[in-house]
Amino acid sequence: MDLAPVIEALQATLVPQLRKQAEEKLALFCKAPGFIPCLIQIILNEQCDMGSRQAGAILLKNHINTYWSDGNDPHSTTDPDILALADACNVNIPKVTGDNSNKVSLISDADKDYLRNVLIDAIIRTKDPLRCQLISTAGTMIKQDFPSKWPQFMNQIHTCLSTDNIETWNSVLLVFYTLVQYYEYKKVEDRGPMDDVMFVILPLLHQRFMQLFAHDDSDQSALIQKQILKIFHAYTQLHLSFRVLPSQTMASWLDICCMILERRLPERLDALDEDDRAEHPWWKCKKWALHILIRTFERHGSPANLPKAQSAERVEFANFYLKGFSAKVITLVFGILEAYRQKIYTSPRAVQLSLNYLRESVRHAFSWKIVQNNIVVLIQDIIYPLLCITDDDIELFNEEPVEFVRNRLDILDEYISPVSAAELFLADAVAKRKDVLMKTVSFLGTIIHNDTITTKQKDGVLHMLGVIGNVLIKKKTFANQLENIIVQYLFPELQSPTPYLRARACYALRNFAKLEYTIPDNSTRCLTNLIHCLCNDTSLPVQIEAAMALNLFLSDTEASDKDKAIIVPHLQVIVMRIIEIIRKTEIDDVMIVLQKIVGLFDQELQPIAVQMTSQLVEFFKHVICAEGETTDETKVEERTVAAMGVLNTLDTIVSCMGEKPEILAQIEQIIFEAIAVVLRDGILDFYEEILTLVDTLTINTISPLMWQVFYLIKEAFYRDAADYFAEIMNCLHNYIVNDTPSFLSQPDRLEIIFEMCKHVIVNDLGEDSEAHAAKLMEVVILQCQDNMSVALPAIVQMIAKRFEREVVTSELRLMLIQVFIVILWLNPDRFFQTLNTVAANDPTTQSIIGNFFNQWMTDCHLFAGVHDRRVCALGLCTLLRIDATYYPAISEIVPKILPNCIQIYEGLMKTYQHNDEDDSDDETDDDDDSVASEIEDGEDETIEHEDDFLESLDKLKGKVPDHEMSGEGVGDDDDDDDDEGSDFDIDETDLESYSTVLEANEDIDEFQIFSESLQKLQADTTGYNQALLQSLSPEQRTNIQNIIHYTEKRKQEKESSKIREAGGYNFTQSVAAGQPTTFNFAGNGPIINILQNQK
């Protein structure tokens, strides 16, 4: 293939005016054989300009990512939640977009073989930015081809690492790291190929590392060492293969990590700026060594951390590490912290990870004995200085307060900040080990009573008080002193002339929110001071800390009337100040405070609800407009989160004002602006929140304005919202059920619902969405019974056509069947007439329609929950009393009808009885104790391991039967007995939470209908009765009698309930009226005779 036109096209892609035409040319070139070799030659050709080479590398990466797969990717998925999460995290997950079986790859086998042979060499010969694109290309190929289609990959890696050419090692290790990352989070049983590779490669990596460690102190050497450590960490952090890494081999790697912690770094690093030093490969080596040691300790190296029933190898290694390495590592960690204490430069990540290792050591008796000897020095000289505010923090506080707050609230801070590590270590140590709390408080006392204390030192004291506050509250030792400490040391700082001390005092008070003050005035002072800081302070960080502290004082269940009485006079000012803070900062954490206040003070906020809503909607519109003005992804993400918080707060306001229709109407008018902007402009980031808001606005009634939203939803659905059908359905359900007359008043509305459901089912948008569409069809049919006759043939045809394609999940199959059952129950004549019409007009549906009853009988045992079982029961009862005209259509399934009735009705009986028991149980709420319990010094912390938790959860839920997971047939009834010890599916299914007329109409009693159906069979003269009963076993006949007994009992309980609701039974009037004064509760009536006669 000629290189010149390809190079010319690549160059043209860099010119905005020529890009589109150039991309069209390249799209044609990529279909020609030899295109990949052509791109590789261009990328490696140093005579070409770098722009063309880089464009070629990017094109190669994208081309391979799109077309390398043969269409049978085992890792592809249709799960919308997984795909959405992958998009949010920028993770590439193959997506199934229909039938891939006929997909033609644009890449020939010859080009694929060529690229597998030359790619690693190409990576070695290039540098970034070309190299990173080629490595990404290799990652795609590894996922698709390794090991079966790329067997030479490991030989190429091994050959390059076996040479003495150090220049090639780092590039090869980067490619190999891509392979290790691919297997990093896989289950043990899926890691076999990786273990086989590591069995060969790890000894070579160990050899190379030791060679570099001993003889090469260049920066390139440090870079390679760092990469080897990253590979080892990724391989071992979740699973440890003792075939590849027996204890002694693992010990040699742990020794390497210890050597790295102990190693002095080259003096030339001292000349670098501190920020550059922290990112240097030499310090990165220490970081990854600490990562390995921490993960080994917490995951593999402590007997107390292991889940139950572990192999002897894992237990042996845990004891081996704890007793053979923990003391050595702790000593080295203290060495790193001692250097930090002596003001010798230590990277922040090294300090943070060192504290994390010590935090893990607190949990285990053996390691705690070592840490315990140095705990006082650790708290005084490491933890305390870290918790004191720095000059850089003060500068940021004063000059960029919003950025200061963002840094403090950053959830990622916990994973990288030494300050967060110090907080976590201190919190764990005082909670879990004796005497640490007393030593900490004593130390704080010496600092606070020092006459020369500085404001920065005072900040550290308040910081530490806030960290240990949760523990102090629960200790009887401090019960009598704590209130005095708060009044004496915290309250004054709320009025300090130093702004950051006011902010820190508010922070400290957060963790004392549950303190019960013995002097009521102190409680009042506390809340009053916080309100003052929020409403009147001029410092933004102080306002935010006060708002977040106030949030904890206003727990939903514990906010006392007295606390509310203090807040109510200031409520409007508080709310408007919080909204102002939100508009300034766009911080979601403050939005949570507003939601809490709106939920607690809904009555008091009614006068300003409209004003609040207006300001929030204006802020939301401002955020949307501002997102297009910046390319900073971090700021865009922060604004998006803040805007989502606004929508959630609006939803809370709507929920709270639901009983005030005059206020709600005004709010709805304002919120409509936000809804219209999102749905009309297709702003996908907010679809879920907007649809939730529409759901809340339509939960009871539908206003004319909300009917306008109905059409906006339709437009958005066909444009870009089809993937959100599950969320859209909540709204559509409300439109159908809550205002049926208006829904039916416009014929196009019913048609819109049908067409949307058809779009979901026909276009294969995923079985979860399809099940929701089928459920919506069921709701419409039940709700609009008399208006559905014209639409029924189209619905039946659509469902029959869907059965022609594979149905993977039982949930979708049951929902499709359920639509048929509902049509049958409502009008059997219309049902059979519709089936015949559809089968006649579309012969392809005949086999599906003919097999409907068999499929239903086969799947009866899969019906779960109350609603779905009721629908099935009503359908079965319809078959019991079916007109003789239709006997031929159901002749094959007649013997299965009553056995399935038994199964369905026994399931309903258990569910109803379980629900009755739940209603009678007293509910008890235990206080949440978020503070860990104290451990004796000679004991390990009892840790519930992830595997044990999942095992407990399985026991709690009960295992799903294999046949239910596979969707196979019913099988023999004798094999399907209920297990009294299992929990079975008592709770409602996901889809039956959508209410229908079955739930609204109490007169529809499936048990009474069953009894009446059996009673009617007594008059049968066609032989249908005999066909139904002849195959029943004695046990099944008894089961039916038990159902009838339950029916009578249920009927009597309902009648008694009605009497109670009417004020009780007047026995005097009963006698006077000639009514019976005794009742026969044991009478079964003639219904059971039908069974007895058959005997």
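This passage describes the overall makeup of a predicted model, followed by its cavities and several of its helices and residues.

The model is predicted, and local features were taken into account only at pLDDT of at least 70 and side-chain atom pairs only at pLDDT 80 or more, whereas totals for chains, interfaces and linings use all residues. Residues are numbered from 1 along each chain as its sequence is written, and side-chain values rest on heavy atoms, with hydrogens and water left out.

The protein contains 57 helices and zero strands. Both kinds of element are DSSP runs numbered from the N terminus, helices being H or I runs of at least four residues and strands E runs of at least two. Of the 1095 residues in the protein, 51% are buried. A residue is termed buried under 20% relative accessible area, exposed over 50% and partly exposed in between, with a 1.4 Å probe and protein chains only. About 51500 Å² of the protein is exposed, and carbon and sulfur atoms supply 49% of this area; accessible areas were computed by the Shrake-Rupley method with a 1.4 Å probe, and for residues only the protein chains shown count as cover. Contacts are defined by heavy atoms within 4.5 Å. Among contacts between residues at least 6 apart in sequence, 76% join residues at least 24 apart.

Rolling a probe the size of a water molecule over the atoms shows where empty space is left. A cavity is a set of points, on a 1 Å grid over the protein atoms alone, where a 1.4 Å probe fits but cannot get out, and its lining residues have an atom within 4 Å of a point. Grid points are joined across faces, edges and corners, and a volume is the space filled by probe spheres set on the points. Two cavities of 30 Å³ or more were found by this rule.

The largest cavity holds about 70 Å³ of space. Its lining consists of Ile389, Phe397, Phe404, Arg408, Asp459, Tyr500, Ala503, Arg504, Tyr507, Pro541 and Glu545. At least two lining residues come from each of helix H21 (401-409), H27 and helix H29 (540-553), and H27 gives the most, with four residues. By class, seven of the lining residues are nonpolar, none is polar and four are charged. In this scheme Ala, Val, Leu, Ile, Met, Phe, Trp, Tyr, Cys and Pro are nonpolar, Asp, Glu, Lys and Arg are charged, and the others, Gly among them, are polar.

The second largest cavity has a volume of about 50 Å³. It is lined by Phe404, Val405, Arg408, Leu409, Pro541, Ile544, Glu545 and Met548. H21 and H29 are the elements that give two or more residues to this lining, which comprises six nonpolar, no polar and two charged residues.

Helix H27 covers residues 499-510, and its end C-alpha atoms are 17 Å apart, in agreement with the 16 Å that twelve residues should span at 1.5 Å a residue. The expected span is 1.5 Å times one less than the number of residues. Eleven of the twelve residues of H27 are buried, among them Tyr500, Ala503, Arg504 and Tyr507. Two residues of this helix, Arg504 and Tyr507, are touched by His463, which also meets Leu387, Val419 and Glu423 when residues up to four places away in sequence are not counted. His463 belongs to helix H25 (residues 455-474) and is buried, because its relative accessibility is 3%.

Helix H11 (residues 219-236) has 18 residues and reaches 26 Å from its first C-alpha to its last, close to the 26 Å expected. Of these 18 residues 15 are buried, so H11 is largely enclosed by the rest of the structure.

Three further residues were examined individually. Ser326, in helix H16 (residues 326-341), has a relative accessible area of 0% and is therefore buried. Beyond its neighbours within four places in sequence, Ser326 is in contact with Tyr321, Tyr357 and Phe366. Tyr887 lies in helix H48 (residues 887-890) and is also buried, with a relative accessible area of 19%. With neighbours within four places left aside, the contacts of Tyr887 are Ile882, Asp1020, Thr1022 and Tyr1024. Tyr887 and Thr1022 are 135 residues apart in sequence, and their C-alpha atoms are 9.8 Å apart in space. Glu23, in helix H2 (residues 19-29), is partly exposed, with a relative accessible area of 46%. The C-alpha atom of Glu23 is separated by 8.6 Å from that of Ala12, eleven residues away along the chain.

How values were computed: On a 1 Å grid over the protein atoms alone, a cavity is a set of points where a 1.4 Å probe fits but cannot get out, and a pocket is an open set with protein on both sides within 12 Å along at least five of seven lines; lining residues have an atom within 4 Å of a point.
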